[in-house]
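Good morning, and thank you for the time on today's agenda. I would like to take you through one structure that will be new to most of this group.

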Amino acid sequence: MGSNFANKKILIFHSTIAPYRISFFNELYKRFEARVCLYYKNLKSQKFDYDAISQKFQFKPDYFKKSITIKGRSFYFGHKKRILEYNPDVVIVGEYGEGLWSAILTRYIYRKQYKIITICDDSFNMAKECKGVRKVSRNIGIKYLDGIILCNEKVERWYKENFKANTFVFPIIQDEREFYENRDQIVNEAHKLIKSYNLVGKRIFLYVGRMAPEKNVEYLVKSFLESHKSSPDNVLVLIGGMSQKFPDILSRIQSMIKDANGEGYIYYVGRKEGIELKAWYLAGQILVLPSSYEPFGAVVNEALLAGEFAMVSENAGATCLINDENGLILDIRKPIIDFKEITLRIKPISEPWKPHKSRMPFLFQDKMILLDEWIRNV
């Protein structure tokens, strides 16, 4: 795993680690003995079982203990101390916040020679339409960066055209070996779901994500309700928790379904994690991600790993995972989603049921080998 890089020391500043990023940070630790410093536990937008997440870490995170919150934004103290103590050869930061600027200023003031890389999860629209303080921080900070890890080729082209930046694309994907852990148990649970929801003879569409405005779930439900007469064998399963900021979205969706007598073919099953979520992925056949705003969309990788097709909004970074063989790109400017083409391509669930093979266009480890080489040469 790159023995000629063994003496390089990598220090990482990152917000927190979501389930779909565990493999990525574990690999950086294994390959470079990276020291991983996190600002907080769990995502702020949604809560996962963080104990289950942290048990999968192959490293012990160094959590920041001091912070201050100004107008809803938290700033964390201790970057300089960690840099000077660890004396890294490479500092990897997240986006364009205080981690980046602490690394830049510490390098300048103390005349250090370490390289600085940032991880940026912007979609193409987010990169192009960036404004305000973030845009200023990005446009100035990028001059001091030695590399940027992006998650989409379209975004990479935009960065190269506008900044001549040294970039590497690593989509937000999981190691398929870890995703398929406990596969027998997951398959068994998928069988139970198909039986309990009477899904034999049905095409199963999934939505996985929060019930938030930018996820565009009402648009999806409206489209599905309108398509039911022409596609009566199609079933939609909505998986995700209620948005804390917009709790009325879920109630509106449920009212839409009830008013249209759609309870028999649109199911809201709540938020799922772990084995149960993966069982739904295996049982499902088509993931639909109709977001109006989506940095990447980690659920697309999960669905493809489970063998599903994916219908992905053009606004999502995860469009880079879609090709003619595994899905469609959605134009959400249209009045409704057209399910006709995908319905013709997908056969209903039959008995005996078997899960499909992965539809991912590449492997996690293949990407990681290339990232390893790129970091060595930054």
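I shall begin with the main sheet, continue with the helices and a second pair of strands, and end with some individual residues. Please keep in mind throughout that this is a predicted model.

Let us start with the sheet. Seven strands form an open sheet, and their pairing is parallel. Read across, the order is β3-β2-β1-β6-β7-β8-β9. Which strands lie at the edges? They are β3, residues 62-63, and β9, residues 167-169, and each of them pairs on one side only. As general background, the strands of a sheet pair through backbone hydrogen bonds, in either a parallel or an antiparallel manner.

I turn now to strand β6, which covers residues 90-94. Four of its five residues are buried, and the strand is therefore described as mostly covered. On one side, β6 is joined to β1 by three bridges, and the two run parallel. Within that pairing, Leu 11 stands opposite Val 91 of β6. On the β7 side, five bridges connect β6 with β7, again in parallel. There, Ile 92 faces Ile 117 of β7.

From β7 we can step onward to β8. Strand β7, residues 115-119, and strand β8, residues 147-150, run parallel and are joined by three bridges. Thr 118 stands opposite Ile 148 in β8.

Helices also pack on this sheet. Helix α7, residues 153-163, lies across β8 and β9, and runs at about 170° to β9. Helix α15, residues 364-377, packs on the sheet as well, touching β1, β7, β8 and β9. The direction of α15 makes about 170° with that of β9.

Next, a second pair of strands. Strand β10, residues 203-208, pairs with β11 in the parallel sense over six bridges. One of the facing pairs is Leu 206 with Val 237 in β11. How many of the six residues of β11, residues 234-239, are buried? The count is six of six. Asn 234, Leu 236 and Leu 238 point one way from the strand, while Val 235, Val 237 and Ile 239 point the other way. This fits a general pattern: in a regular strand, the side chains alternate between the two faces of the sheet.

Let me contrast two helices. Helix α12, residues 274-283, has seven of its 10 residues buried, so the helix is largely enclosed by the rest of the structure. Those buried residues are Leu 277, Lys 278, Ala 279, Trp 280, Tyr 281, Leu 282 and Ala 283.

Helix α4, residues 98-109, brings us to the surface, as it supplies three residues to a nonpolar patch, the largest share. The patch is formed by Leu 84, Leu 105, Tyr 108, Ile 109 and Tyr 110, with about 540 Å² of accessible area together. Tyr 108 is located in α4. Why is Tyr 108 classed as exposed? Its relative accessible area is 67%, and the class of exposed residues begins over 50%.

I come now to individual residues, beginning with two that are buried. Asn 301 lies in helix α13, residues 298-305, and counts as buried at 1% relative accessibility. Beyond its neighbours within four places in sequence, Asn 301 is in contact with Ile 172, Ile 173, Gln 174, Leu 321 and Met 360. Asn 301 and Ser 358 are 57 residues apart in sequence, and their C-alpha atoms are 9.7 Å apart in space.

Lys 215 sits in the loop between β10 and α10. At 11% relative accessibility, Lys 215 also counts as buried. Setting aside residues up to four places away in sequence, Lys 215 touches Tyr 207, Arg 210, Pro 290, Ser 291 and Glu 294.

Finally, some points of backbone geometry. The peptide bond from Glu 351 to Pro 352 is cis, with omega near -5°. Pro 352 is found in the loop between α14 and α15.

Asn 87 has a positive phi of about 50°, although it is not a glycine. Asn 87 belongs to the loop between α3 and β6, and is partly exposed at 41% relative accessibility. For Asn 198, phi is near 50°, also a positive value in a residue other than glycine. Asn 198 lies in the loop between α9 and β10, and at 61% relative accessibility it counts as exposed.

That concludes my presentation, and I thank you for your attention.

Key
Residues numbered from 1 in each chain as written. Predicted model: local features only at pLDDT ≥ 70, side-chain atom pairs only at ≥ 80, totals over all residues. Heavy atoms only, no water. Pairing = 2+ DSSP bridges. Contact = heavy atoms within 4.5 Å. Axes fitted to C-alpha atoms, helices over the stretch in contact; angles between N-to-C directions. Buried < 20%, exposed > 50% of the residue type's maximum accessible area, 1.4 Å probe, protein only. Patch = residues over 30% accessible without salt bridge, like charges linked within 9 Å, V, L, I, M, F, W, Y side chains within 5 Å. Areas by Shrake-Rupley, 256 points an atom, 1.4 Å probe, with all protein chains shown as cover. Salt bridge = Lys/Arg side-chain N within 4 Å of Asp/Glu carboxyl O.
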